[in-house]
Amino acid sequence: MVAPDNKKEVNSKNTDNAIYFDFSYAALKLLGKNLYSNAANAISELVANGLDAKAKKVYVYIDMSDKEHSIIEIIDDGLGMDYNDLASKYVWIGRNKRNDEEVVEEEKKNLMGRKGIGKLAALYLSNNYYILTKKKGDSRINQWEINLSKYQDSDFPKLDRISQKINLINENLWEQNQQGTAIVLNNVDLRRNGTKRIEALKRVFADYYLVDELTAKIYVAVKTENKSKVKFEQVEKNVAYKNFYAIYDNTGDSDNKSIGKYIQYKWLSKYEHIANKKRDTIVYGKDDFCYKGKKEFKTENGELIEKEYELHGWIGVHSTIEVKNAIDKRFIRNDIYQPNKLRIYVRNKLAVADFFEMHPSTQIGSNYIEGDISFNILDDDDLPDIATSSRQDFLDDERVELLISLIDPIVNAMFKVRNDIGQKIRKENEDYEENLRKQEEEKRIQEESARRKAEEQAKQAEQKKAEAEKKQKEAEKEKQLAVNRAEKLSVNLGSEKKRNHFLINSLDDDQLNFAKRLHMIRINASTISKVIKNNVNKLKRGKFKEDDAWNLLKKISYLNSRMQAVLEYSAMAKFNTKEEFIEDNLFEFIEEYCENVLAQNEDIKVEVLREDENGVIVRFVPQDIAVILDNVISNSIKYNATLLKIVLNRDGDFYTINFIDNGDGLEPNIEDVSELFEFGKGYTFTGTGVGLYHIKSIVEEELKGTVDINLEETKGFDLMVRFKKYEI
């Protein structure tokens, strides 16, 4: 494509001491304030201008001791500008510097600027700034000021020459340069930018540019209220390569990246057989994925032109994203820097901060992916400019689709290895625990055999004595039962708490009671059959979708939990499992269930604390309350708890149930506790992510209440159920 003429006639209004912009103040204000989302991006754009001017060094100094009136100095040793450069180039908004006659073809490949609006980054930061510039062979003093606060919207702003010397804070850096440009920004409002965020500019710049590919060096210094002396520090890429379990790298620079030879999951310390095992780091290279080729693209006028393209860079998957567990000490993760972004660069400059925002992934493994990828065809001079005005994203285009087609296989490979190692570790742990279980089972069988033998011998020795005493004991028992019934009838009903309201007489284990206990099993089994039949019909009609599968699993899991509650405890429980809904005192039901059912569990002690003696009358399903209690005690045992306290209380108009155990507490790798209540999300090697989901569903749907995890507890686990009282 033939480059357009990039020459511009000098504005006729210009004088020796004033150079006018070719845009009105309203246009400059609109552009300057809407191009950038934060101060760091705007400063980075001004640094890019220095890099395009062939600077070898760029210094960024920020004095934010008065945050509302901060001062920023950006000094480079680039080519600088004389009067003609300012008049014909700098004030020309929209100028494509790649078309300048003095720019040779080889240099065009590395020029970052194209739209000619990067200079407006200064207007985002300040309405009043100075430009100091010097060019070899130009003996004149080139000091200029722009002050937009004195203009009306229809005015054309101008650069005003300043004859009096402008003293820089870093005067020594400026004086030692034979050529270059200094930008001094006054009254920059950094109140919305925290000190830590500004001090983290080194990492921001390290991500904003491919600093390892630049011929220039960038230095940053920040002065805050707490620091009187500042020191310029070089911007360097600081990636935690040793923390990667797998990496793809086609740069040919893998040795310098210090990639670890193996990974150990040391943080899984309670599983020594897993934590101490060395696992080889997986490294992919150029031969493993397609990364370059030729393709025809459409030019601005619709013609086809063949261009070469190449994907250059690396993509890795972290073994962990928890800072405390990271293998590499360079690993940092906070509200300023996120090491789980796939950055896209063009001409060594950041074009897309996170590939997953442009091309979202539904896989949870994307939280572990990081990478730096260059794809210069996105900003080729012969093809249309598809970058947004802020240069921070791209419009839909065939080149974006090409980029996605090249990256997706690599990213999917990272997803797969991340999933594979997780499944492998899970299988190793299951095999280990299965072996332990078998050993325990063999030991239990031997002990049980010895116990039965001893019991049989004792039984034979006492059989005659037992038969002789049997009738006498039965008579005494009947007598005691009669006494107990008489005592219960004599109790003042106004002061004695009602007991056994939820119990049925199970002393006679006849077929009628057995049929009652199986009543809910028949109902739930019938419901499962109907759910399966409906979804089979959907499948036959071709209307069965992924959401239907999840809903089917949730329904069957819930019904199965209810049947398990009946099957597991019906032999011990005395409450009537025949009724679906009852309306009565929920606290008394929980207390009786714990005394008659959960107390039989030998692995954990259950204590019920009634801080509210009256209780609460609600309409509930006994089997669903049993599902909640069964899941809570199961989770507590799984996390090595020996004591579970169930606290029943009243808080104003609300009633609360707290389940508090003394177990291991939350797993350390859980980032968001709300995910614990999602169906199918398990965070242990044995968990399925179902129990808490059913608890939450029952509480919200039946009791119209809420369920939360108390994060203030440092030990153990505290689950709180809260619901509104029901007046009768």
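Two exercises with worked solutions follow.

The model is predicted: local features need pLDDT of at least 70, side-chain atom pairs count only at pLDDT 80 or more, and totals for chains, interfaces and linings use all residues. Residues are numbered from 1 along each chain as its sequence is written, and side-chain values use heavy atoms, with hydrogens and water left out.

**Exercise 1.** Describe how helices H2 and H8 pack.

*Solution.*
- Locate the helices (DSSP runs of H or I, at least four residues, numbered from the N terminus). H2 covers residues 39-52 and H8 covers residues 201-208.
- Take the axes (lines fitted to C-alpha atoms over the stretch in contact, with angles from 0 to 180 degrees between N-to-C directions). They come within 10 Å and cross at roughly 60 degrees.
- Classify the angle. H2 and H8 are therefore oblique to each other (under 35 degrees is roughly parallel, over 145 roughly antiparallel, 65 to 115 roughly perpendicular, the rest oblique).
- List the contacts (heavy atoms within 4.5 Å). Ala40, Asn41, Ile43, Ser44, Glu45 and Val47 of H2 meet Leu201, Val204, Phe205 and Tyr208 of H8.

**Exercise 2.** Place isoleucine 377 and decide whether it is buried or exposed.

*Solution.*
- Find the segment. Isoleucine 377 sits in the loop between strand S19 (369-374) and helix H11 (398-490); strands are DSSP runs of E, at least two residues.
- Check accessibility. Isoleucine 377 is buried because its relative accessibility is 5% (buried is under 20% relative accessible area, exposed over 50%, partly exposed in between; 1.4 Å probe, protein chains only).
- Collect partners beyond four places in sequence. Isoleucine 377 contacts Phe297, Lys307, Glu308, Tyr309, Leu383 and Arg399.
- Compare separations. Isoleucine 377 and arginine 399 are 22 residues apart in sequence and 7.2 Å apart in space, C-alpha to C-alpha.
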